[in-house]
Structure formats: C-alpha cells, structure tokens
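Trainee: Please take me closely through one part of this model. I'd like to know what lies around it and how it ties in with the rest of the chain.

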Amino acid sequence: MSKRAIVVVDIQNEYFPQGKFPLVGIEQATVNAAKVIAAAREKGDAVIHIRHEMPTPDAPIFVPGTDGVQINEAVKPAQGEPVIVKNYANSFRDTPLRQLLDEKGVQEVVVVGAMSHMCVDATVRAAVDFGYKATTIHDACATRDLEFEGTAVPAAQVHAALMAALAFMYGEVIDTATWLSR
C-alpha cells in the first residue's frame with residue numbers, strides 16, 4: 001500500500017468562470033490536477049478531496065447546498081474516495097484529515113488545488129507541521145489577483161511568491177510533468 005496521498009483542495013465550481021469567485025488559470029490548473037489524480041489512482045495512492053463551505057447560509061460565497069460548493073466535474077471523486085468538508089483555510093483544522101491520513105499510514109502528501117495563497121498554503125504548512133513530507137504541484141494550483149494598500153498584485157505574482165515561500169521551507173514544489181515522470 002502506498003504511503004502517499006493526493007490532497008485535492010477546493011477545486012470547486014465557485015472558482016470557475018460561472019461561479020461567484022473565479023480564479024485566474026483555474027481551468028488549466030484543473031486539467032493538471034486531473035492528470036495528477038488519474039496517475040495517483042493508477043499508482044495506488046490515496047486521493048482525498050477537500051471541499052470548502054462557509055459555516056453560515058448567509059455567506060456571499062461557498063454557501064452550503066449550492067452548486068458553487070460542489071467539486072468540479074473534471075476532478076470529481078471516484079467511488080470510495082473521501083470528501084472532507086472544511087470551514088477554514090487549513091484543511092486539517094476541525095476536520096478528520098489528519099486521522100484519515102494516519103489510518104492509511106500516509107507519510108507524504110501531494111497537494112493540488114485552490115487558492116494557492118490561502119487553502120493550499122495553509123494545508124501544506126500544516127501537513128509539514130504534523131510531520132508529513134509535502135509536495136506541491138504548482139501548475140495544478142490557482143489563485144487570483146490581490147490588492148494590498150492600494151497596490152494591485154497580479155495572480156501570477158501572488159502564485160509565484162507563495163510557491164517560492166513553500167519551496168523555501170515546506171517541501172518540494174514541482175510541475176505536473178515532473179511529478180508524472182516519476
């Protein structure tokens with residue numbers, strides 16, 4: 001049995017053009033995530049899906065019970081793959097993710113998903129803090145333009161800065177083709 005799990009973070013309809021919170025590059029990131037998921041299934045790796053929902057029904061986005069919170073069809077879970085619902089950026093916070101990984105004997109997590117600067121970041125850092133080896137597939141993640149004190153920060157820069165920070169101390173950050181070639 002594999003000691004690795006693919007953690008698919010929040011690739012949900014809300015982030016696509018028809019959703020309420022579209023991300024830059026979400027379509028290509030999802031294509032790449034689907035490749036990683038397919039290869040993981042072939043290798044016998046665990047695939048665990050994370051789905052974000054806001055804790056209140058009056059939230060502006062990720063409202064429970066709406067199409068926006070549904071996992072996108074391109075990466076939908078296969079029969080028997082767990083889906084963990086979370087209410088915070090960190091996929092481990094107040095969820096059974098750590099317990100599930102430990103029950104499966106997982107030692108390494110491979111993270112794909114959205115948003116690079118929020119839930120991907122928080123999940124990778126928590127995974128490493130809990131002692132898992134982490135790999136982030138950077139071109140299977142997406143984010144959005146941000147603004148800080150009047151300065152616009154394009155999504156590509158947000159993504160690059162975040163991936164550089166993860167690569168600095170929180171594990172390997174590679175592209176889909178490199179991961180697939182292993």
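Mentor: Let's begin at Ala 114 and ask who its neighbours are. Leaving aside residues within four places in sequence, Ala 114 is in contact (heavy atoms within 4.5 Å) with Val 9, Asp 10, Tyr 15, Leu 23, Ile 26, Cys 119, Val 120 and Ala 142. A word on what you are looking at: this is a predicted model, in which local features need pLDDT of at least 70 and side-chain atom pairs count only at pLDDT 80 or more, while totals for chains, interfaces and linings use all residues. Residues are numbered from 1 along each chain as its sequence is written, and side-chain values use heavy atoms, with hydrogens and water left out.

Ala 114 belongs to strand β4, residues 108-114 (strands are DSSP runs of E with at least two residues, helices runs of H or I with at least four, numbered from the N terminus). Its relative accessible area is 0%, so Ala 114 counts as buried (under 20%, with exposed over 50% and partly exposed in between, for a 1.4 Å probe and protein chains only). The fold also brings Val 8 to Ala 114: their C-alpha atoms are 8.6 Å apart, although 106 residues separate them in sequence.

Two of those neighbours lead us onward. Take Tyr 15, which touches Ala 114. A search of the whole structure finds 4 aromatic pairs (rings of Phe, Tyr and Trp, using the six-membered ring of Trp, with centres within 6.5 Å; planes under 30 degrees apart are stacked, over 60 edge-to-face, the rest tilted). Tyr 15 and Phe 62 make an edge-to-face pair, because their planes stand at 70 degrees, with the ring centres 5.1 Å apart. This pair bridges distant parts of the chain, 47 residues apart: Tyr 15 sits in the loop between β1 (4-9) and α1 (26-43), and Phe 62 in the loop between β2 (46-52) and β3 (83-86). Tyr 15 and Phe 62 are both buried. With Phe 21, these two residues form a cluster linked by ring pairs. Above the face of Phe 21 lies Arg 144, 3.8 Å from the ring centre (a charge sits over a ring if NZ of Lys or CZ of Arg is within 6 Å of the centre and within 35 degrees of the ring normal).

Now follow Val 120, another neighbour of Ala 114. Val 120 also touches Thr 136, whose other contacts beyond four places in sequence are Val 111, Val 124, Cys 141, Met 163, Leu 166, Glu 172, Val 173 and Ile 174. Thr 136 has its place in strand β5. With 0% relative accessibility, Thr 136 is buried too.

Cys 141, from that list, takes us one step further. Cys 141 is touched by His 159, which also meets Ser 116, His 138 and Thr 143, again leaving out residues up to four places away. His 159 lies in helix α4, residues 155-169. It is buried because its relative accessible area is 16%. Between His 159 and Thr 143, the C-alpha atoms are separated by 6.5 Å, with their positions 16 residues apart along the chain.

So here is your trail: from Ala 114 you can step to Tyr 15 or to Val 120, from Val 120 to Thr 136 and on to Cys 141, and from Cys 141 to His 159.
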